[in-house]
Amino acid sequence: MIIEEKRAWWKEAVVYQIYPRSFADSNGDGIGDLNGIAQRLDYLKNLGVDVIWISPFYPSPNYDNGYDISNYRDINPEFGTMEDFDRLLEGIHARGMKLVIDLVVNHTSSEHPFFIESRKSKDGPYRDFYIWKDGKDGKEPNNWGSCFSGSAWQYDETTGQYYLHLFAPQQPDLNWANPKVRDQVFDMMTWWCDKGIDGYRMDVIGMIGKENFDDGEVAPGALYGSFEKSCQHTETTHRYLREMRERVLDKYDLLTVGEAGGTCEGAIRYASLDGKELNMIFSFEHNDGLNDGTPLGKWSDHGAPLGEVREIINRWQLGLIGKAWNTVYLSNHDQPRQVSRYGNDSPLFRVRSAKMLATLVHMLHGTPYIYQGEELGMTNIYFTKLSQYRDVEVFNAWKQWVESGLVHPEDMMRYFARISRDNARTPMQWNTEKHAGFTTGTPWIEVNKNYLEINAEDEVHDPDSVYNYYKALIALRHAEPVVVYGSFVPMLMDDNSVYAYRRELDGQVLTVLCNWTEKTVPCAIQELTEGKLVVSNYDKHKTDALQPYEALVYLKK
Ligand code: GLC
Ligand code: CA
């Protein structure tokens, strides 16, 4: 099947995500900053990425590391000044790259002036900027649990009402039903667009449209009800996004990506090729979704078996192609390190499996997202003490499950080590100097001790490094339209070790074979492939078997 897809720069681009706190510290205070990013732009240009997405850098009390914003039109002094931002944007554009910024408007910080005003009285002008309700029989207005454990409602003594927070209590949800809230958000978005940014990554955007406040279903073993039916992917959310499109997005040439999860059908509504809402969304099924059905949600020992991961990714590939644009990724600041989760981070297999996973993702249909350090094959840090963590999600989960006696501390520490977000938030490993060259001061979170083996300086110079392998994959995407616009045909679906697929476009055929395991496995390579071998993570190959974590990409022109 040949797919005719309209060309667009954001379909052909590779995006690189920066978590500014952990990327590069330019002034020795232990916190990454905008000038630190500016100093590393040549590193990113050399890698070949087209777009840089920077997680929030706005003023914030940092209960959730900047995803709780207290001023949307300024820069957190920890990260620099507006002049630093302007210079950074200029530097990005001067190198032919683009900048996507994070739009966090499902909620603000509880220290945002709107909320400070809102909580003062029941009839103030900002009261309706947030969602306030009376309690029910002396308890919360409904049974919803927050994404960060505990109830989604916080009682506020000043006025004797509760406010809604789908995340931490310091992240009150905005009331999008109030047209004044939408005016504020759209004005602010326009302001950044006029400054010259090239796109938005929209934080939990699927939750903005609250349709009702009915009690939610309580899953077996769960302590609270789910807000899913009332707040996730509602018609109201779609209406707001169409309004956003008309009032802001359509006036510019932007990359828009929604953090919206959900199902393929849902994604097709958000990101359909008719362009009425967003360009693309992030799905969560292949990461968070793997744990579905466990009472503790993401906190589990569940691994990432090929069968499950492949079923999900292929379903999204086949479901969206020709209907909606897709994103492809395994890592971000909310997930553990991909080589630790899906691959094998032991010294023997780390490099091979990091490259295998990169091959698998970068040859898929959709815009690939690389999370900082992924291109080096950075691994989980495996903290052993609670005091090593920094993430509000960890502390709230500890309170809800361990302090209440419901989960054994050792089990919880094991889940944290495996899956916690702080695994992705340890500082970028630049070189073999103290603190991996991230800072001359004391880093805000520990640096992974493996920086002597895993660091950017060595990898840039080593032709066999994970970094140079990513560079080759990105170059292949830029050179061959089949990688961007080709069809997707799953192969070897009965094979429990090999993830294989083909892409086709105008007579070009790309075949991808990836061994997901640490064993040598039989594979009829010659029969399955056409054309020339263009990328591989091994120098020597067998004809009838794939070596441990071997990845092969063949191209017939
Ligand atoms: C998104 C962000 C995450 C944040 C949450 C609340 O999921 O990616 O880091 O904690 O939204 O803003
Ligand atoms: Ca700094």
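**Exercise 1. Locate serine 146 and describe its surroundings.**

Step 1. Serine 146 is placed in the loop between strand E4 (132-133) and strand E5 (153-156). Helices (H or I, at least four residues) and strands (E, at least two) are DSSP runs, numbered from the N terminus. The structure is a predicted model, in which local features need pLDDT of at least 70 and side-chain atom pairs count only at pLDDT 80 or more, while totals for chains, interfaces and linings use all residues. Residues are numbered from 1 along each chain as its sequence is written, chains are lettered from A and ligands numbered from 1 in the order in which they are written, and side-chain values use heavy atoms, with hydrogens and water left out.

Step 2. With a relative accessibility of 11%, serine 146 counts as buried. Buried means under 20% relative accessible area, exposed over 50%, and partly exposed in between (1.4 Å probe, protein chains only).

Step 3. Apart from neighbours within four places in sequence, serine 146 is in contact with Ser151, Ala152, His165, Leu166 and Phe167; contact means heavy atoms within 4.5 Å. Between the C-alpha atoms of serine 146 and proline 169, which are 23 residues apart along the chain, the separation is 8.8 Å.

**Exercise 2. Determine the strand order of the open sheet that contains E4, E5 and E6, and state which strands stand at the edges.**

Step 1. The order of the three strands is E4-E6-E5, and the pairing is antiparallel. Two strands pair if DSSP finds at least two bridges between them.

Step 2. E4 and E5 stand at the edges with a single partner strand each, so one side of each has no neighbour in the sheet.

Step 3. E4 and strand E6 (residues 161-164) are joined by two bridges. Tyrosine 162 in E6 is the bridge partner of lysine 133.

**Exercise 3. Describe the five-stranded open sheet and the helices that lie across its strands.**

Step 1. The strands follow the order E12-E13-E14-E18-E16, with antiparallel pairing. Strand E12 (489-491) and strand E16 (532-536) are at the edges; each has a single partner strand, so one side of each is left without a neighbour in the sheet. From one strand to the next, the twist averages 20 degrees. Axes are lines fitted to C-alpha atoms, for helices over the stretch in contact, and angles run from 0 to 180 degrees between N-to-C directions.

Step 2. Eight bridges pair strand E13 (residues 498-505) with strand E14 (residues 508-515) in the antiparallel sense. Leucine 505 stands opposite glutamine 508 in E14.

Step 3. Helix H10 (residues 306-320) lies across E12 and E13 and runs at about 15 degrees to E13. Helix H12 (residues 350-362) lies across E13, E14 and strand E18 (551-556), at about 145 degrees to E14.

**Exercise 4. Identify which parts of the chain are tied together by the salt bridges of arginine 182 and arginine 242.**

Step 1. The whole structure holds 33 salt bridges, a salt bridge being a side-chain nitrogen of Lys or Arg within 4 Å of a carboxyl oxygen of Asp or Glu.

Step 2. Arginine 182 forms a salt bridge with glutamate 243, and their closest N and O atoms are 2.9 Å apart. Arginine 182 lies in helix H6 (residues 179-195) and glutamate 243 in helix H8 (residues 235-247), so this pair ties together parts that are 61 residues apart in sequence. Arginine 182 is buried, at a relative accessible area of 12%.

Step 3. Arginine 242 forms a salt bridge with glutamate 277, again with the closest N and O atoms 2.9 Å apart. Arginine 242 belongs to helix H8, and glutamate 277 to the loop between helix H9 (264-270) and strand E9 (280-282), so the pair ties together parts 35 residues apart in sequence. Arginine 242 is partly exposed at 31% relative accessibility, whereas glutamate 277 is buried at 1%.

**Exercise 5. Trace the salt bridge of glutamate 393 and name the network to which the residue belongs.**

Step 1. Glutamate 393 and lysine 298 meet through their side chains in a salt bridge (3.0 Å, N to O). Glutamate 393 is in helix H13 (residues 392-402) and lysine 298 is in the loop between E9 and H10, 95 residues apart.

Step 2. Glutamate 393 is buried, with a relative accessible area of 8%, and lysine 298 counts as buried at 16% relative accessibility.

Step 3. Through salt bridges that share partners, Asp64, Lys298, Asp334, Asp391, Glu393, Arg421 and Arg425 are joined into one network.
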